[in-house]
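The report below goes through a structural model, with attention to packing, division into domains and backbone geometry. Please keep the sequence and the coordinates at hand while reading.

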Amino acid sequence: MTRDEAFLQFLLRMGDNSLILGHRVSEWCGHAPVLEEDIALANTALDLIGQTQMWLGFAGEIDGGKSADDLAFLRDAWDFRNVLLVEVPNGDFGRTLMRQFLFDAWHSIMLGRLMKSSDERVAAIAAKASKEVTYHLERSGDTVVGLGDGTEESHARMQDALNYLWPYVGEMFASDDVDAEIAKAGIAPNPADLRAEYDELIGRVLTEATLIIPESRFAHKGGRDGWMHTEHLGHLLTQMQWLQRAYPGATW
Amino acid sequence: MRAATDQIWGWLDAVPDPEIPVISVVDLGIVRDVRWEDDTLKVTVTPTYSGCPATSVIAMDIETALRDHGIDDIRIETSIAPAWTTDWLSEKGRAKLEEFGIAPPQPAGGPERCPRCASKAVEKVSQFGSTPCKAHWRCTDCLEPFDYFKCI
């Protein structure tokens, strides 16, 4: 694998994570339990879609002059490089916020390292995104604590959410040839090296939330390398890409 | 004849932010540079939040305003580094925000006082508000809800 091929994969992984999670979170628009949460989720989704434009815009330039829109709307499930965690359905509000927290924690640590990337543009995108993600993490962390250490009902739902999502956490720290190549060039850290900091961060918050982290380290994989996504991604794309599928090339 | 850049900054200071029209795009700190490159005027703009839908409208408004002042050859460039910070809000902009009913950003992470009655008894309703740049607070004295311009 050449450095350019690895670099493209890296950018797609960053961009697809934000795109697919941004789309998932936007599904709450008009449906959240209270108005303030509805607005918060829509704003979080908006930040993530904005970050997607930066990552996929960069990826598209390398990938033969495509636009971020081309990559978002004209690829099929097997071409996406997001981790499985971000494509799982929203479930209830608690599961959505638990997923957000588990992702935000990884995202904030990753972006912090990327701010020191040897690639100037990657560092600039990370610096911009990092400010937004720090804020996301503050909110998702607070909400996880509020609901975990809340009523019997909310506690049970948050523990269920953690149990359900936990097997999807490991993929964020999987490392392959792409990561090795990118790490060698000083563009990004090897994801495996972020795990200790991540465990420390989520351990602190989940303890405060009175939640118990499952012991198993089993991890579902196949998203970030495109080997096999869950069936949910295809369903998500039928919504997200509907317009381009029904009316190819439509613009306005 | 090329207009002086000081003059152009003045013109841009009359272009309102589309979401918060009481302050100008210059007050908001998103116009980073104005310079002539031969006969082309290059204006560098930075987005507030990466997904802010107002960004493209702002670029259009800037271009329209400059054309109204007779400048035809304009290039608007977007720059993301260094990332926008609320430290770039002008003093004039901060005062106008408060007058309008939006509490200006504070390094402490919350509003200094209620923009309506100036009470310090305020509480957070939600970390997010009507636009990406604002959070939702309320005053426990006059009981009015208000927007707080987030500090980033």
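Which are the buried residues of helix α3 of chain B?

## Helix α3 of chain B

In this predicted model, helix α3 of chain B spans residues 91–100, and its buried residues are Gly93(B), Leu97(B) and Glu98(B). When the helix is viewed down its axis, these buried residues fall within an arc of 135°, so they line one face of α3(B). An α-helix has 3.6 residues a turn, so residues three or four places apart point the same way.

The buried residues of α3(B) pack against two strands of chain B, namely β4 (102–103) and β7 (145–149), whereas the face turned away from the buried side carries the exposed residues Glu91(B) and Glu99(B). Just after the helix, Gly101(B) takes a positive phi of about 105°.

## Domains of chain B and the nonpolar core

Chain B is divided into domain 1, covering residues 5–85, and domain 2, covering residues 101–149, and the C-alpha centres of these two domains of chain B lie 28 Å apart. Their contact takes 6 residues from domain 1 and 4 residues from domain 2; on the side of domain 1 that touches domain 2, the residues by class are 3 nonpolar, 2 polar and 1 charged. According to an unreviewed UniProt entry, the annotation "domain: MIP18 family-like" covers residues 6–68 of chain B, and over those residues the chain is 35% helix and 21% strand, with the end C-alpha atoms 17 Å apart.

The largest nonpolar core of the model has 102 residues, and those with the most contacts inside this core are Leu85(A) and Val25(B). At least three residues of the core come from each of domain 1 and domain 2 of chain B. Leaving out residues up to four places away in sequence, Leu85(A) touches Arg99(A), Leu102(A), Phe103(A), Leu165(A), Tyr168(A), Val169(A), Glu171(A) and Met172(A).

## Contact between the chains

The contact between the two chains takes 15 residues from chain B and 18 residues from chain A. By class, the side of chain B that touches chain A has 9 nonpolar and 6 polar residues, with no charged residues.

## Strand β3 and the loop that follows

Thr78(B) is found in strand β3 of chain B, which runs over residues 74–78, and this threonine counts as partly exposed because 13 C-beta neighbours lie inside 10 Å. Apart from neighbours within four places in sequence, Thr78(B) is in contact with Val45(B), Thr46(B) and Pro47(B). The C-alpha atoms of Thr78(B) and Ile62(B) are separated by 13 Å, and these two residues are 16 residues apart along the chain.

In the loop between β3 and α3 of chain B lies Pro82(B), which is joined to Ala81(B) by a cis peptide bond with an omega of about -5°.

## Positive phi outside glycine

Two residues other than glycine deserve a check of their backbone angles. Thr210(A) has a positive phi of about 55° and is found in the loop between α8 (195–208) and α9 (231–240) of chain A; with 13 other C-beta atoms within 10 Å, Thr210(A) is partly exposed.

In chain B, phi of Ala118(B) is near 70°, again a positive value, and this alanine has its place in the loop between β4 and β5 (122–126). Ala118(B) counts as exposed, since 12 C-beta neighbours lie inside 10 Å.

Key
Residues are numbered from 1 along each chain as its sequence is written. Chains are lettered from A and ligands numbered from 1 in the order in which they are written. This is a predicted model: local features need pLDDT of at least 70, side-chain atom pairs count only at pLDDT 80 or more; totals for chains, interfaces and linings use all residues. A nonpolar core is a set of buried Ala, Val, Leu, Ile, Met, Phe, Trp, Tyr and Cys residues joined through C-beta atoms within 7 Å. A residue is buried if 20 or more other C-beta atoms lie within 10 Å of its own, exposed if 12 or fewer, and partly exposed in between; C-beta atoms are placed from the backbone. Domain bounds come from an automatic or database domain assignment. Two residues are in contact if their C-beta atoms, placed from the backbone, lie within 7 Å. UniProt positions are given in the numbering used here, feature names are shortened, and annotations may be inferred rather than shown by experiment. Helices (H or I, at least four residues) and strands (E, at least two) are DSSP runs, numbered from the N terminus. The arc is that of the directions from the helix axis to the C-beta atoms. Ala, Val, Leu, Ile, Met, Phe, Trp, Tyr, Cys and Pro count as nonpolar, Asp, Glu, Lys and Arg as charged, and the others, Gly among them, as polar.
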